Amino acid sequence: MVDSMQKIVSFSKRRGFVFASSEIYGGFGSCYDFGPLGVELKNNIKKAWWDEMTKKHDDIVGLDASILMSPKVWKASGHLTAGFADELVECKKCHHRFRKDFIKEKCPDCGGSLTKPKKFNLMMKTFVGPVEDEASVTYLRPETCQGIYTNFKNVMQTMRMKIPFGVAQIGKAFRNEINPKDFIYRTREFEQMEMQWFCEPKNAPKSFNYWKKERLNWYLNLGIKKANLRAKEVPKNELPHYAKRAVDIEYKFPFGWKEIEGIHNRGDWDLSNHSKHSKEDLKYEDYFPHVIETSVGVDRSLFAFLCDAYTEIKGGRTKTTQSAKQVEVMLKLDKSLAPIKAAVLPLVKNKPEIVKKAKQIYNLLKPNFVCQYDESGSIGRRYRRQDEIGTLFCITIDFDSFKKDDVTVRNRDTMKQKRVKIKDLTECLRKQL
Ligand code: ATP
């Protein structure tokens, strides 16, 4: 289990998905950078979510609120009070600190005894303006949704929305986690994709069930294996301070079943509290709409998509070549998520006319698809390299390409190759994506 986690971590680095932040300085407390392939994958996940919300569903509009907000927001939302705090314990011997609900009675590092739990607020404090005094204190948002509640009226009025409707947003959030761990699973800076569905109170339970199903299907439609996904009802005594009901969508990571998304019935907690604190009337007609929230971490879901797609094939898939390969790696990402859609490969690199034609084809495809050009190593090795990062199609230019003005297109999953006329290539790929 630990072994498969190690494999994913080193694969992510080796193939340019995820690097430790500030690596040349020894890294920096649980922060990560997304490399050239990581950023493509991340953008594809965000696009898949955004399209799902705003194109597949009616009555959902987008928003991009600022990260810094008035500190009054966090007072009204309950985040400044004990509502957004974890319990922290410290080992009396080695002084390591832990989240109380993550450990048993003794220190997991040295076996020492622990201090009494203390409440620890997870919000990251910062100062706005040049004077670092209390008057200028604010916080980096710990969740993106508050920007949606504070803009409830703006969105409703400008877009002439009628209840029920939803607002979708993607953006960074920050939590000063006591024990960030498990690679990009729990970090202090992360990105959320949140949708707030405003509805009549009597329809909230039905909407909750609807969104729970929709969200589970989103993962399955993007290729997550059914056996690795489940929905877990959060017991009443563990509900977050704002929630009437919560379901966690969990993924089976190498380190166990863990939450990747929360579906929450927030009732009228947010709109009524913001009304009270801001003195703005945030009612719709004569009532506060109830809110069903779906909240996914981009980084956590990316991690789940990576784990699910990462496949090792002992002895490799091809039986024809005798190349020295014990284990072949394949990243079976859904076509919409794969970072590279096509790789252009000249069969050999010592024939200038083949290289020239291959570069022409690369330039032809590049404006339409995320592509790579690769001429180094045997063609078999280059196919393996592309399979490893989940590239959907390998386009090979060979000697016949000159006679017939065509190329071979190799499919990642079937390894089948077919010849396609160069003039039809863009359309042929487009149809399959
Ligand atoms: P946990 O119990 O794991 O701390 P949570 O229940 O507090 O998470 P929510 O507040 O429901 O999480 O946040 C919604 C989603 O945001 C989570 O399902 C997760 O995908 C993401 N998320 C929350 N905290 C983090 C974090 N520290 N690092 C990465 N993603 C996070």
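**Two open sheets and a ligand shell**

Student: In what order do the 7 strands of the open sheet with mixed pairing follow one another?

Tutor: This is a predicted model, in which local features need pLDDT of at least 70 and side-chain atom pairs count only at pLDDT 80 or more, while totals for chains, interfaces and linings use all residues. Residues are numbered from 1 along each chain as its sequence is written, and side-chain values use heavy atoms, with hydrogens and water left out. Helices (H or I, at least four residues) and strands (E, at least two) are DSSP runs numbered from the N terminus, and two strands pair if DSSP finds at least two bridges between them. By these criteria the pairing is mixed and the order is β3-β9-β10-β14-β13-β12-β11.

Student: Which strands are the edge strands of this sheet?

Tutor: An edge strand here pairs on one side only. That description applies to β3 (60-63) and β11 (229-233).

Student: By how many degrees does this sheet twist on average?

Tutor: The twist is taken from one strand to the next. Axes are lines fitted to C-alpha atoms, for helices over the stretch in contact, and angles run from 0 to 180 degrees between N-to-C directions. The average is 25 degrees.

Student: Which residue of β13 is the bridge partner of Y251?

Tutor: Strands of a sheet pair through backbone hydrogen bonds, either parallel or antiparallel. Strand β12 (residues 245-253) pairs with β13 in the antiparallel sense over 9 bridges. The partner of Y251 in β13 is K258.

Student: What angle does the direction of helix α8 make with that of β12?

Tutor: Helix α8 (residues 298-309) packs on the sheet, touching β9, β10, β12, β13 and β14; contact means heavy atoms within 4.5 Å. With the direction of β12, that of α8 makes an angle of about 40 degrees.

Student: Why does each of β18 and β21 have one side without a neighbour in its sheet?

Tutor: The open sheet of 5 strands has mixed pairing and the order β18-β17-β19-β20-β21. β18 (371-373) and β21 (417-421) stand at its edges, so one side of each is left without a neighbour because each has a single partner strand.

Student: Which residue in β18 stands opposite A343?

Tutor: Strand β17 (residues 342-346) pairs with β18 in the parallel sense over 3 bridges. Opposite A343 in β18 stands Q372.

Student: Between which residues is the peptide bond cis?

Tutor: The proline concerned, P164, lies in the loop between α5 (152-159) and β9 (165-174). With omega near 0 degrees, the cis bond runs from I163 to P164.

Student: What percentage of the ligand's exposed area does the protein bury?

Tutor: A polar contact is a pair of N or O atoms within 3.5 Å; within protein, one must be able to donate a hydrogen and the other to accept it, and residues adjacent in sequence count only if both atoms are side-chain atoms. Polar side-chain atoms of R175 and Q192 lie 3.0 Å and 3.2 Å from an oxygen atom of the ligand, and a backbone N or O atom of E261 lies 3.4 Å from one. Taken alone the ligand exposes 600 Å², by the Shrake-Rupley method with a 1.4 Å probe. Of that area, the protein buries 86%.

Student: Which element gives the largest share of the shell around the ligand?

Tutor: A residue is near a molecule or strand if one of its heavy atoms lies within 4 Å of it. The elements giving two or more residues to the shell are β10 (189-199), β13 (256-267) and β14 (290-297). The largest share, 5 residues, comes from β13.
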